[in-house]
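Work through the exercises below with the sequence and the model in view. Each task is followed by a solution in steps.

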Amino acid sequence: MNDETRTPPRPVSIVAVAAIFALLSLFWVLAVEVYVPHRAPAPQNEAPENLPKELAWKATPATRRAYLAELRERQANQAQSYGWVDKAAGVVRLPVGRAMELVARDYGARKQ
Amino acid sequence: MKTEVTASDSSSRNPPLLLLLMALGWLVAGGLLGLVASIQLHSPRFLDGCPLLTYGRVGALAETAFVYGWLANAGLALALWVLGRLAGEPLRAQNWALAGAVFWNVGVAAALVGVATGDATGFALLGLPGYVHLILFFSYSAVAVSGLLAWSGRLRQVSYASHWYAAGALFLFPWILSIAHVMLFSAPVHGVVQSIVAGWYAQCAWTLWLAPLALAVAYYVIPRATGRVLASYEFATLGFWCLIFVGGLTGGRHLLGGPVPAWIPSVAVVSSALLLFHTFVVLLNLRGGFSGAGTAVRFIAFGIAAYVLGAVVDAATCFHAVAAHTQFTFFDEAQRQLALYGAASTIFFGGIYFAVPRMTGKAWLSGGLVRAHLFLSVAGILLLAGSLAGAAAVQGRDLANSAVAFPEIVRHTRPWLVAATAAQAALLLGNISFFVNFVGTACRIMNVSEPAVFDPPRAMEAPAP
């Protein structure tokens, strides 16, 4: 079969193409229009009533995410800075990198 | 001997040939990734220094490349070709199909990048990240436009089993993908319902998408290649509707004994048994393929045998007594390989061996590579499914015995997994030879000095009646 015998296909109307796309999108539209608006919220995503103030951070996913971000920031600061843990007992906090150096130096001294 | 090449074959060949080229590229890439994943199962230190190539990612990459790269492209190409031929005129909206083919493969490539960078979802057969679903949805729909126009605008009013299965697959994949996307990604369901939806999608991807595409090819090629009408064809309608109505209900069988309402696995068990009727009809209709000659028929006959065996095994593993030994073992993987590789892929191989000479008007470049592919594929699939089933038997026995420690179970399954790696290597070799042969054959279109209508070697075609 060479190219001279090739028959051109019939033209296609854009309406037919749009109709097929609409038909194939049927369940997407149904899912978005019917299922999503009536979807029951997950119990863990609903803010409970009468939540004590100290547990307010647990109320919704947004408050939990905010609390987690704040916690991680606090921990990162603590791991990278000097400070007192217990001034009376003489316990200090120091950056993790510096702490590793000190531990390695102490072990090296002990081996010698 | 002269074979029939219709006017629509050459006029409609560009979209199917592009899809097939992409499909075979993904087949080789997926095979390479599958081989790496298979080695890592028994030798976990292999490539463990590179996070991109750890087992979790390579396994998901291999599955995505295989299902959405190879099977989807090949299935779409053959569906377009079958629908175009049955329409009796050149495919319409070919530009839509070509654009869809390009964007589908862009979507698959983006999905692989996403999976490699850690965005895999963890859902079976839906490991690709949610953000590529939209591009896959629209590109598949664009390809489907061409096929559905060929189906609805066919010159003869009569429709055949190939029509039903091909058009059904073109409609059903966008529908199941859209439901799974909304319920798992854009507005996810909660808790255990996610497992139910994911199980439903995985089963539907097989029973309502890939299996119909494969059956469309088998129903088209077998009567043409053997020169005989399909036996008991009057039952084909019942078989088709049985698959459509019951196929989607079998997903819950993977949740046997799980924390889901008891009716879900129960419905799935009953549906799996009912689906045997569909399987029986397929066997009844296509049994002529087992006595046919030629590479295409041999591949398809092997695929039909794997399809029937897979359905019987699916139904058998629904029994609690059987599931107690097979659940949470390599048996799931053996079943998946039997279905996706043994059934769907081999039927597509047969379809491609039948279709490409008709599309290009040229015989296959090398008969030796065809025979090598047939031998390596059959041997590889038998070894792969057999070794994984063997590993599952050992694993199931050891898991049931509390005295056997986990490292011992790993040691006992190792020889079987090494055999599975050998099978993956054989399949990869066969697929590389297929790829080379395809590219060589497709390139012959450019050589106008060759005779246009091919004279097929006997090894590749059954003689015409």
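**Exercise 1. A residue in a helix of chain B**

Task: Decide whether V82(B) is buried or exposed, then place it in its surroundings.

Solution. The model is a predicted one. Start with the count: V82(B) has 27 other C-beta atoms within 10 Å. A residue counts as buried if 20 or more other C-beta atoms lie within 10 Å of its own. V82(B) is therefore buried.

Next, find its element: V82(B) belongs to helix α3 of chain B.

Then list its partners, leaving aside neighbours within four places in sequence. V82(B) is in contact with S162(B), A166(B), A216(B), V217(B) and Y220(B).

Last, compare sequence and space for one pair. D9(B) and V82(B) are 73 residues apart in sequence, and their C-alpha atoms are 9.8 Å apart in space.

**Exercise 2. The packing of α3(B) and α5(B)**

Task: Describe how the axes of α3(B) and α5(B) are placed, and name the residues that meet.

Solution. Begin with the geometry. The axes of helix α3 (residues 55-87) of chain B and α5(B) come within 8 Å and cross at roughly 25°. Angles under 35 degrees count as roughly parallel, so α3(B) is roughly parallel to α5(B). The crossing of these two helices is left-handed.

Now take the residues. On the side of α3(B) they are L76(B), A79(B), L80(B), L83(B), G84(B) and A87(B), and these meet V143(B), S146(B), G147(B), A150(B) and W151(B) in α5(B). Sorted by class, the residues of this contact are eight nonpolar, three polar and no charged.

**Exercise 3. The packing of α7(B) and α10(B)**

Task: Do the same for α7(B) and α10(B), and say which term describes their orientation.

Solution. Helix α7 (residues 193-226) of chain B and helix α10 (residues 295-316) of chain B have axes that come within 10 Å and cross at roughly 135°. The two helices are therefore oblique to each other. Their crossing is left-handed.

From α7(B), the contact is made by A214(B), A218(B), V221(B), I222(B), A225(B) and T226(B). From α10(B), it is made by A296(B), V297(B), I300(B), G303(B) and I304(B). The classes here are nine nonpolar, two polar and no charged.

**Exercise 4. A residue of α10(B)**

Task: Is I300(B) buried or exposed, and which residues is it in contact with?

Solution. I300(B) lies in helix α10 of chain B. With 32 other C-beta atoms within 10 Å, I300(B) is buried.

Leaving aside neighbours within four places in sequence, I300(B) is in contact with A218(B), V221(B), I222(B), G289(B), I347(B) and G350(B). As a check on distance, the C-alpha atoms of I300(B) and G367(B) are separated by 18 Å, with their positions 67 residues apart along the chain.

**Exercise 5. Chain A and its contact with chain B**

Task: Give the domains of chain A, then describe the side of chain B that touches chain A.

Solution. The domain assignment divides chain A into domain 1 (9-39), domain 2 (43-79) and domain 3 (82-112). The C-alpha centres of domain 2 and domain 3 of chain A lie 32 Å apart.

Turn to the contact between the chains: 22 residues come from chain A and 29 residues from chain B. On the side of chain B, the elements giving two or more residues are α1 (7-11), α4 (94-119), α5 (133-152) and α6 (161-186). α6(B) gives the most, with six residues. By class, this side has 19 nonpolar, seven polar and three charged residues.

How values were computed: Residues numbered from 1 in each chain as written. Chains lettered and ligands numbered in written order. Predicted model: local features only at pLDDT ≥ 70, side-chain atom pairs only at ≥ 80, totals over all residues. Domains from an automatic or database assignment. Contact = placed C-beta atoms within 7 Å. Helix = DSSP H or I, 4+ residues; strand = E, 2+ residues; numbered from the N terminus. Nonpolar A, V, L, I, M, F, W, Y, C, P; charged D, E, K, R; others polar. Axes fitted to C-alpha atoms, helices over the stretch in contact; angles between N-to-C directions. Parallel < 35°, antiparallel > 145°, perpendicular 65-115°, else oblique. Left-handed = near helix turned anticlockwise from the far one by under 90°. Buried ≥ 20, exposed ≤ 12 C-beta atoms within 10 Å, placed from the backbone.
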